[in-house]
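Open the model in your viewer and keep the selection tool at hand. The tour goes from one selection to the next and says what is there.

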Amino acid sequence: MRVNRYIMAVALCVMTIVATAQNVEQDKSIRTGVLSNGLTYYIKHNSFLPNTADFYLAQRVGSILEEPHQRGLAHFLEHMAFNGSQSFPPNGENLGMVKWCERVGIKFGVNLNAYTSIDQTVYNISSVPVQQKGVLDTCLLILHDWSGFLTLDPKEIDKERGVVTEEWRTRSSSMAMQRLMEASASVIYKGTKYEDCMPIGHMNIVNSFPYNALTDYYKKWYRPDLQAVIIVGDVNVDSVEAKIKHLFGAIPTAQNAAERPYYPVKNNDKMIVFTAKDEEQPVASFSLYMKRDITPREERLSWKSFKEEYITKLLLQMLNSRLDRLTQEYSKELLSASVQDGNFFISTTKDAFSIQATLTKNDLKEGIRLLIGEVERARSQGFLLSEFQRAKDEILNDAQNKFNDRTNIRNSEYVDICLNNFLENKPILNAEYVLNQTKLLNKTITLREVNAFVKELVVNKNMVTTLFVPKQKDFDLPSENEIEHIIVSEQLRKHSPYKEESTPKHFMTHLPTSGAIIKEEKALYGYRLFTLSNGMRVFYRNTSFENDEVNMRIFGLGGKSVYRADDMPTLSYLIASVMCGGVGTFNDATLQKMLLGKTVNVTPFMGNDMQGLKGFSTVRNAEDLFQLTYLYFTSPRKDNQAFEKLMSSQKEFLTLRDVNSNVVYNDSLLDIVYDNDARVKTVKASELNKVDYNRALSIYKECFKNAANYDVIITGNIAEKQLKPLLCKYLASLPSTKQREEGNKTDVVLKEKTETHYFVVPQKTPSVHTSVVYSNRIPYSVDNEIKTDVLSQLLRALYIQRIREDKGAAYGVSVSGTLSQYPFPQMILKVGFKTAPEKYKEAIPLVDEALTEMAEKGVDGAELNKIKAYLLKTYDEVILTNDYWDEMLFNYLYNGVDYDNNYKQRIAGLTPERMQEFIKQFVMNMGRIEVTMSSERLER
């Protein structure tokens, strides 16, 4: 026996030594290559979603490469990529790029999109129906045009200036953090290119740059040697590779190409401290960064790098668990705290271990001291064996989950792997390899190694710290010297070793007496209906959409609607009050430790007319799922101290909540359109004393005392023979009267009036936030639900064209439509957007005009066909998910309608005439409520 153990130990050491000296094994199922002009390509066949593929163009190019007179043009260029190219000229005879995509079901802003960051720009055409003739070739052609063949038409450039300005307004209005980050960057990056490089740029440049400034940037940096094409999906790899070589290989190699620079970040011996106040900053936000050199790109594929990343995950897991406990114990000083490791702030050429926290105004200095002290305790004293084992279990569990789902990976996951390889030179690893290497490291890495490594990560030098606080009189902002002194003092102080109590292994030690399944029958959508001995009904469907997923939804009628108005503050915090105390005999901190290494979650919910539980797990953690469900039904845990901490942290949060004008607006909107219904009102800080903990627990127990009132939907890859004993043991044993009580379906109702509400709230960024809410009584049916959704999409397309593109008056226009059945059928359309004060008067009439025009003149058939194509394509995707069938069955049980039945035929049968008739019905005597908030008085 000893000999065998010795041989195994030696073998493990040999494996570790060999692995350390080499690179990790790359996933050969992803085909990669580099063309002679320097362009890189990645192709992966993935048939999880049949006949669907994603197309990406990635570039090692971003706003860091702009000259001072080009600030904002990297991002502006991204916008222009959709406004005309060699194959899709603006206003040409052929369909434009966006119109062509939407004609085949690729929706702009959803499937057709892009992003620009400081060091990269990525374009995507996702969820492409490649079975349609010519679609794959056209998508490749779009990628080809993006890579270097945009027209950059001056007229289109001028039209887009307003759109980008409104995007800046949308992002910066009531977003103090963006302003504070920009201000801090000028200090912590002083003297480097990162000092001023945020992608949105400067609006004075965006609104006035000469056309050639954009063309110069495009020609200089958009070139094959800085680009990668990524194709993932149900495609023939050989065929796609040949097409890429033919189409992209013809692009000439860039001559006299400028070197793509990577700008360094300076080290600093003395701590850099930046503090600032802002009227719209709602909380005190603290960060400390410990900078270090990045891992060289050529070393990121090594086993050594993989091992260090594994150890870093262990450290972050253990330290974040400690910080969670710290915030629970010191909630009067800390609202939240966490640690991370990665790029320093906004730069990719420097890494940093970082500490973040949200502090309370009670004592900012004490909050910082506690936070730094806890991190220093880990650095100087190390971690405990019990913490180490839980962290290993958690990482192994994550690797095991990915391995179990390895045949059900979505295209986007493979795309991310390819993007990270091209942009960051991170390895391309498959799930089997990661699992095997994680198991190896779990066996070979010692606690001593981890405790030594933490001192390499938490270096207590080369430090940068920021503190952003509200601009309020009672916020005592420490000086920069005080902050530095607190941090350094805590790092130098001797800290006692960390202590913790042992963590139980089982949620339940005494199991309930089993009930029984008394009836089985077929149900809709392939579900089986099991009626339990206590009257609870369970709908179960075994699926293989996800190899290792079990989803559970439990619901019963009731909710807030059955309680008095004076209970509403308590009901608003009912779930938080229950969750803060833990469950069974375990407080919340112990419960969170017990969940490490498992994939399982159960959360109660309370709606307007129902309550219940939602949960999920892997198949191997299914019994944990049912045990937690049983405990949340029967044994909510009372913890007065935890509740007091919850109320304390909420008071801190709510006190300054209204400094954010978006919050003020949203609260006002809800109060107005729902006529101050207590069920939708937000609890203010002054009302927290109305939250009654004992009443909350009493209501919760009352809601869950009779299991016969509940339906359960279980969807996932759990076998019936495994499920049935769990149903009998943990659900059929729940207390009940065995008599089902009929509840009322009474949701909140929007008032059906015509009103205009206008108010002024000062804002740092001049802006107008407006919503128009239409309502009317429309009969509830599946067809009318579909038409409501289609109308929303028709309006959105029209508003994007008229308000965004033609007028440059908004970055986006949101449109949402709902049709509810209870307490009476009501259809609601909500249109919302932000604009400049000077553009409001021109934009607001367009909202009404679009709806009236459709009712009077009809619906554009081409636009309707685009939406139908998108809905049909999306349907084929969502039916391969557990969530879809769960939602379909829930909708059937709640509303009594079969939404899925003949769905494709219903969509195909939609005509402009039918839609116009529906819109006429809606606009006749409809209510219209406009709610507008402006930073200044408007001409109306």
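Begin with helix 8, and look at what surrounds its buried residues: the cover includes helix 2 (73-80), helix 4 (135-148) and helix 5 (154-172). This is a predicted model, in which local features need pLDDT of at least 70 and side-chain atom pairs count only at pLDDT 80 or more, while totals for chains, interfaces and linings use all residues. Residues are numbered from 1 along each chain as its sequence is written, and side-chain values use heavy atoms, with hydrogens and water left out. Helices (H or I, at least four residues) and strands (E, at least two) are DSSP runs, numbered from the N terminus.

Now select residues 211-221, which make up helix 8, and colour A213, L214, Y217, Y218 and W221, which are buried. Buried means under 20% relative accessible area, exposed over 50%, and partly exposed in between (1.4 Å probe, protein chains only). These residues lie on the same side of helix 8, because they cover an arc of only 130° around the axis. The arc is taken from the directions from the helix axis to the C-beta atoms. An α-helix has 3.6 residues a turn, so residues three or four places apart point the same way.

Next, select strand 3, residues 52-59. Eight of its eight residues are buried. T52, D54, Y56 and A58 point one way, and A53, F55, L57 and Q59 point the other way. In a regular strand the side chains alternate between the two faces of the sheet.

Add the partners of strand 3. Strand 5 (residues 121-129) pairs with strand 3 in the antiparallel sense over seven bridges, and Y56 stands opposite N124 there. Strand 6 (residues 227-233) also pairs with strand 3 in the antiparallel sense, over seven bridges; in strand 6, I231 is the bridge partner of F55. Two strands pair if DSSP finds at least two bridges between them.

Move on to S305 in helix 10 (residues 303-329). Is S305 buried or exposed? S305 counts as buried because its relative accessibility is 16%. Leaving aside neighbours within four places in sequence, S305 is in contact (heavy atoms within 4.5 Å) with E299 and R300.

Finish with the cysteines. How many disulfides does the structure hold? There are zero disulfides, a disulfide being a pair of cysteine sulfur atoms within 2.5 Å. Select C703: the closest cysteine sulfur, in C580, is 17 Å from the sulfur of C703, too far for a bond. C703 counts as buried at 11% relative accessibility, and C197 counts as buried at 2%.

Conventions:
Contact = heavy atoms within 4.5 Å.
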